[in-house]
Amino acid sequence: MPDSNTLNAQNPAGSPTSVVSVKPVVLPAPGGRGEHLQVRVSAPATGGDLPVVVFSHGFGWSMNGYAPLADHWAAHGFAVVQPTHLDSRTLAIPAEDPRIPRIWRYRIEDITRVLDGLDVLEAAVPGLAGRVDPRRIAVAGHSWGAQSVSALLGARVLDADGVPGEDMSDLRVRAGVLLALTGLGDDLTPFAAEHFPFMKPSFDTMATPALIVAGDNDQSHLSTRGPDWFTDPYTYSPGDKSLLTLFGAEHSLGGIPGHEVAETTDENPARVALIQQLTTAFLRSALQGDDAGWKAAAASLKEDPEPLGTLRSK
């Protein structure tokens, strides 16, 4: 039987909102994946016409991570779906496994499988059936997860000759939140270029609206450039895009994977709270038409005498 739990959170008006979370929900995954897809679903206990956010975790994580974002979004009116990808430490797939070279593709296929199985996921959560709006879908991800979901927004992988590969965009997806998404493949270290050939994106056709979040102290060992590498998805993609650059933030952006975990090298609750605020406002604007909330959040950051970052849009 799936595990479920209910937690209390606060909505913007200050009244408590209960969130129901169920895991694992299992989606059959035929073909070469070799493991059925395990998913966590979190949603408000009440309310209807809930927009959907599918969140893709970073390398090694699982559906159990990123509570600072997943729980917050669910508490503020979104149905949040978190698949566990094959690279998760919980699955312990060895490095010599023949699926390893294709894991980046399995990740993208996992997200598509979630979208195809929304009715199954909705039915698995007690009381959720009939309350999800499948016409309002966003994808989000951190690090490798951001790269995975960017494909559904229109990003493509270049081959050895610089030719864009398969178009894996999905018209069901209306917006994206890309957290610490790596930049162009021209700036990979020799090790990364040899071992991660899929890290050669083209953002030229990533046309779906997106909020891109980068840390100005995020120095990747995969890149020969500095932290501005993580702003490439904004620089080289067509509008409608916004870029939130966080001062002093490293790859975990203050702790979005979780509090007091090894991956959080720059724990900063205020920074995480800002990400919560701005991503929620962006998602409401993109999926629910609440432009006032997004504009207010942007103005609040701009007017802050000691801002934690900057926001620009195109």
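The paragraphs below lead through this structure from its overall form to its pockets, one covered helix and a few residues with unusual backbone geometry.

The model is a predicted one, and its chain contains eight helices and twelve strands. For a chain of 314 residues, a compact globule would be expected to have a radius of gyration near 20 Å, and the value of 18 Å found for this chain agrees with that expectation. Taken along the principal axes, the box filled by the C-alpha atoms is roughly 50 × 50 × 35 Å. Of the 314 residues, 54% are buried, while the chain exposes about 13300 Å², with carbon and sulfur atoms supplying 54% of that area. Among contacts with a separation of 6 or more, 69% are between residues 24 or more positions apart.

Rolling a probe the size of a water molecule over the atoms shows where empty space is left. In this model the largest pocket holds about 1000 Å³ of space, and its lining is made up of 39 residues, with Phe59, Ser143, Trp144, Phe196 and Leu222 lying nearest its centre. Three helices each contribute at least two residues to this lining, namely helix 2 (103-116), helix 4 (144-153) and helix 5 (190-195). Sorted by class, the lining consists of 20 nonpolar, 14 polar and five charged residues. The second largest pocket has a volume of about 180 Å³ and is lined by 13 residues, of which Leu158, Gly185, Asp186, Lys200 and Pro201 are nearest its centre. Its lining divides into six nonpolar, three polar and four charged residues.

Helix 4, one of the helices that line the largest pocket, deserves a separate look. Ten of its ten residues are buried, so that the helix is described as mostly covered; among the buried residues are Trp144, Gln147, Ser150 and Leu153. Trp144 is also one of the residues that lie nearest the centre of the largest pocket. The cover over the buried residues of helix 4 includes helix 2 together with strand 4 (50-56), strand 6 (132-142), strand 8 (173-179) and strand 10 (210-215). After helix 4 comes Gly154, which has a positive phi near 120°.

Helix 2, which forms part of that cover, contains Thr112. With a relative accessibility of 26%, Thr112 counts as partly exposed, because buried residues are those under 20% and exposed ones those over 50%. Beyond its neighbours within four places in sequence, Thr112 is in contact with Leu152, Asp170 and Arg172, and Leu152 is one of the buried residues of helix 4. Thr112 and Arg172 are 60 residues apart along the chain, and their C-alpha atoms are separated by 9.8 Å.

Another residue to follow is Asp232, which lies in helix 6 (residues 232-235). Its relative accessible area is 2%, and Asp232 is therefore buried. When residues up to four places away in sequence are set aside, Asp232 touches Gly183, Leu184, Asp187, Phe203, Arg225 and Ser237.

The last stop is the backbone itself. Most residues other than glycine have a negative phi, and most peptide bonds are trans. Against that background, two residues other than glycine can be picked out by their phi. Tyr66, in the loop between strand 4 and helix 1 (67-75), has a positive phi near 65°, and at 1% relative accessibility Tyr66 counts as buried. Leu253, in the loop between strand 11 and helix 7 (269-288), has a positive phi of about 55°, and at 0% relative accessibility Leu253 counts as buried.

Cis peptide bonds can be found in the model as well. One of them runs from Lys23 to Pro24, with omega near -15°, and Pro24 has its place in strand 2 (residues 16-27). Another runs from Gly239 to Asp240, with omega near 20°, and Asp240 is found in the loop between helix 6 and strand 11 (241-246). Helix 6 is the helix in which the buried residue Asp232 lies, and strand 11 borders the loop that holds Leu253.

Terms used. Residues are numbered from 1 along each chain as its sequence is written. This is a predicted model: local features need pLDDT of at least 70, side-chain atom pairs count only at pLDDT 80 or more; totals for chains, interfaces and linings use all residues. Side-chain values use heavy atoms; hydrogens and water are left out. On a 1 Å grid over the protein atoms alone, a cavity is a set of points where a 1.4 Å probe fits but cannot get out, and a pocket is an open set with protein on both sides within 12 Å along at least five of seven lines; lining residues have an atom within 4 Å of a point. Grid points are joined across faces, edges and corners, and a volume is the space filled by probe spheres set on the points. Helices (H or I, at least four residues) and strands (E, at least two) are DSSP runs, numbered from the N terminus. Ala, Val, Leu, Ile, Met, Phe, Trp, Tyr, Cys and Pro count as nonpolar, Asp, Glu, Lys and Arg as charged, and the others, Gly among them, as polar. The radius of gyration is taken over C-alpha atoms; the globule rule is 2.2 Å times the number of residues to the power 0.38. Buried means under 20% relative accessible area, exposed over 50%, partly exposed in between (1.4 Å probe, protein chains only). Contact means heavy atoms within 4.5 Å. Accessible areas come from the Shrake-Rupley method with a 1.4 Å probe; for residues, only the protein chains shown count as cover.
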